[in-house]
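Let's walk through this structure together, one question at a time. Keep the view open beside you as we go.

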Amino acid sequence: MTDTPAPHRSLYDTSDRIRRRNASEKRFRVMGISAIVVSILALAMLLVSVLGSGLGAFRQTFVTIPVALDAAVLDKAGNRNPDEMKKVTTVGYEKLLRKALVDAIAAAGLPVGDLTEKEIAGLLSQEAPATLRNQVLADPSLVGQTVTLDVLANGRVDGFLKGRVTLQSAERDSNISPAQLHLVQAMQGAGMVGLAFNPAFLTAPDASDLRPEAAGLGVAILGSAYMMLVVLLLALPIGVGAAIYLEEFAPKNRFTDLIEVNISNLAAVPSIVYGILGLAVFINIFELPRSAPIVGGLVLTLMTLPRIIIPARAALKSVPPSIRDAALGVGASRLQAVFHHVLPLAMPGILTGVIIGLAQALGETAPLLLIGMVAFVKGYPSAPPEGLFDAASALPVQVYNFTTRGDPAFVERASGAIVVLLVFLIVMNTAAVLLRRRFERRW
Amino acid sequence: MTPGILLMFVLALSGIGFAVGRQRALSVAGGDARRLHSRPSYHGAAVLMFTAIPAVILLLAWVFLRPLLAPGVSAVAAPAAVAIAALAGLALATFRIRIDLRARNIVETLIIAILIGCSLIAVATTIGIIVSLVFETVHFFQLYPAQDFFLSTTWNPRFGGGSDLGLWPLLWGTLYVSLVALVVAVPIGLMAAVYLSEYASRRTRAFAKPAIEVLAGIPTIVYGLFALVTVGPFLRDWLAQPLGLGSSSSSVMTAGLVMGIMLIPFVSSLSDDIMNAVPQAMRDGSYGLGATQSETVRRVVLPAALPGIVGAILLAASRAIGETMIVVMGAGAAARLDLNPFEAMTTITVKIVSQLTGDTEFASPETLVAFALGLTLFCFTLVLNVLAMWIVRKYREQYE
């Protein structure tokens with residue numbers, strides 16, 4: 001004991017070393033909190049950026065003008081027969097709209113400067129005559145009347161009202177001139193132009209590059225719905241069947257091990273590989289049509305299956321063995337025990353997994369690009385089952401499709417489509433959470 | 001005769017089969033169900049299955065093999081075969097019904113067979129993926145020399161022949177983007193997991209954990225648009241151009257950053273689970289020796305959880321390599337070998353998409369190269385996944 005005794009020190013005095021350790025503790029904790037804050041901030045930025053530019057797509061600029069539907073032009077025979085009225089093409093309707101707009105501006109006494117009639121008519125969407133033609137053909141009694149219509153305005157006019165197009169940018173724009181925008185300002189003052197809710201965004205089909213204002217999601221929503229139908233009808237029974245076999249009946253051997261490893265691997269295969277599979281097998285070998293919801297549905301089914309089987313097995317596993325034993329004890333066969341007792345108890349868990357799997361499939365884009373769903377589709381697919389073989393689009397692919405176009409108005413529409421997609425996803429995930437909360441049982 | 005109508009016919013006939021089988025079983029037993037081996041419904045179900053299963057199998061074969069059949073066979077003979085199969089099954093099964101027919105055993109054997117068939121679809125999918133990739137890749141190498149694909153450093157496809165299809169620029173772009181993504185995701189994800197599992201109060205955890213997991217549920221197309229519209233222009237205007245590093249809004253940095261955000265929950269959820277599995281006794285031992293909480297985490301919990309965390313990172317890396325939409329919309333399409341992260345580069349997945357979209361015919365190397373790229377991608381992710389799952393499973397066993 002030759003050591004000199006350490007100088008006495010109270011526990012309440014903090015040494016430098018302790019102070020350093022406490023500081024590093026604090027730093028570590030701050031790093032942890034900042035990691036969480038950064039993730040949540042990233043989520044918030046993502047949502048704000050999409051919602052901020054996407055909500056505008058639901059409101060569209062309309063020009064409100066009285067249009068005289070001249071019988072001498074639209075219905076020369078005078079018998080209001082839609083078949084004969086079809087002879088009048090959109091050009092005829094375009095002239096009517098042009099005249100109506102010029103007259104309305106003159107009646108309101110707005111200064112047109114040296115704008116030609118053609119430039120004034122350029123404020124309207126190129127899609128407007130076709131819309132009017134369909135409206136008249138659907139209701140021939142309109143002919144001969146003067147009706148006040150909300151006519152779709154050109155995408156640039158819409159951009160001007162939403163702040164995307166300015167007087168400066170119009171100078172460099174071949175599609176619109178500052179003089180036209182001054183007229184729009186005057187018309188806005190007179191209440192002839194304004195933003196209004198645009199239901200056509202949800203129902204109309206896609207439109208060509210020059211008509212962003214007319215592009216809608218109708219075909220995409222329908223196509224996505226068809227694909228989800230296929231996925232639900234195939235993946236639910238097959239996935240549950242596979243889960244039941246693997247969890248309840250499969251003997252423990254090399255072969256079933258192989259299936260299990262295989263399923264967990266499939267769940268992590270990149271989705272684009274499923275697209276290649278779909279292209280090589282369904283389109284090349286079986287010659288199913290491109291862009292068809294049936295092919296998309298089959299590809300998404302294969303992709304979703306492992307993601308349904310894994311939670312379904314977990315749900316079956318969570319049912320205690322005493323349930324099976326009791327059923328077997330009163331003389332049920334193994335199959336009866338599973339189908340009459342275990343499966344109903346596991347069903348909420350299984351359905352939760354199915355809904356989450358469907359939600360993932362709904363948002364999947366990459367495999368659909370490869371099987372040709374990115375094509376421009378203007379016609380609605382017919383009703384299933386035949387409609388499953390018609391060309392259609394899908395919501396996430398439509399988003400991608402919009403972003404590949406030149407006009408910035410399509411970015412707004414892409415964000416709007418994402419808003420629709422996210423609404424569907426939120427509904428599905430909420431349903432899954434509620435299902436789990438409502439029926440989850442702890443044994 | 002469309003498949004839809006034929007399917008309706010088969011299903012209707014099966015329904016009738018059920019009723020007929022049930023009735024016949026009862027009448028064979030003289031109205032006393034107790035004399036039967038199986039309950040009447042099982043006899044009905046047996047008839048139903050004998051009617052439906054062969055007919056539906058034939059129907060599916062017809063629908064899928066239609067392009068291979070002669071037109072006459074396809075239009076008349078095939079639907080007739082389906083109808084005959086259904087009727088024959090119905091008749092056969094109905095007339096076989098006896099008092100001692102073991103209908104329940106028959107039905108159950110068939111159901112088990114169907115269940116096995118369901119689980120074999122997963123195996124068939126894997127086989128389908130491998131066969132279609134390998135088959136077309138072999139086809140590709142017959143048209144384009146393999147050593148050029150694996151060794152060339154230029155990627156310059158030209159429709160019309162004379163293309164350079166070297167793998168390296170694409171592989172480099174893929175690995176570079178994934179590296180940037182992991183550099184973003186691993187520290188944030190790991191620190192978030194540490195905070196959630198070691199520090200957070202119950203209420204913070206109940207709010208923050210689901211919020212972070214929402215990031216995993218957002219479709220990748222949304223991240224892609226975020227990269228294209230917000231992150232790309234922001235990085236270009238505030239970092240790349242002032243620093244003189246480039247003027248492209250799609251770049252490795254854009255795609256990597258956004259992909260990193262997407263990967264945060266993949267790292268954090270699995271790491272969180274794994275750190276929660278570290279026994280409390282190990283922490284208590286460390287506290288008992290006077291360690292602070294952060295010292296315990298760094299010296300005890302993290303080393304103990306390390307194998308599992310490595311597994312989580314490998315899974316995230318596999319995700320990053322296979323991710324498509326973010327790089328399609330954020331990384332650009334120019335194939336180049338470059339170190340500047342603000343340059344546009346391209347990845348394997350981007351080129352698979354660009355070579356296979358549009359009008360594709362499967363005769364040119366420019367199209368078939370996509371399958372070789374797909375096979376490369378599949379092999380990479382397969383190795384990462386198997387390794388990750390093996391590590392995670394080994395680790396789980398360690399503390400169980």
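A nonpolar core is a set of buried Ala, Val, Leu, Ile, Met, Phe, Trp, Tyr and Cys residues joined through C-beta atoms within 7 Å. Please bear in mind that this is a predicted model.

Q: Which helix gives the largest share of the largest nonpolar core?
A: The largest nonpolar core has 193 residues, and B:Leu225, B:Val258, B:Val267 and B:Ala316 have the most contacts inside it. The largest share of this core is 18 residues, and they come from helix H6 (residues 168-199) of chain B.

Q: How many residues are in the second, separate core?
A: Look for A:Val63, A:Leu96, A:Ala100 and A:Leu132, which are among its members. The size of this second core is 35 residues.

Q: Are H4(A) and H6(A) roughly parallel or roughly perpendicular to each other?
A: The axes of helix H4 (residues 90-107) of chain A and helix H6 (residues 128-138) of chain A come within 8 Å and cross at roughly 105°. Angles of 65 to 115 degrees count as roughly perpendicular. The two helices, H4(A) and H6(A), are therefore roughly perpendicular.

Q: Is A:Arg405 buried, exposed or partly exposed?
A: You will find A:Arg405 in the loop between helix H18 (395-403) and helix H19 (409-439) of chain A. Around A:Arg405 there are 17 other C-beta atoms within 10 Å. A residue is buried at 20 or more and exposed at 12 or fewer, so A:Arg405 is partly exposed.

How values were computed:
Residues numbered from 1 in each chain as written. Chains lettered and ligands numbered in written order. Predicted model: local features only at pLDDT ≥ 70, side-chain atom pairs only at ≥ 80, totals over all residues. Helix = DSSP H or I, 4+ residues; strand = E, 2+ residues; numbered from the N terminus. Axes fitted to C-alpha atoms, helices over the stretch in contact; angles between N-to-C directions. Parallel < 35°, antiparallel > 145°, perpendicular 65-115°, else oblique.
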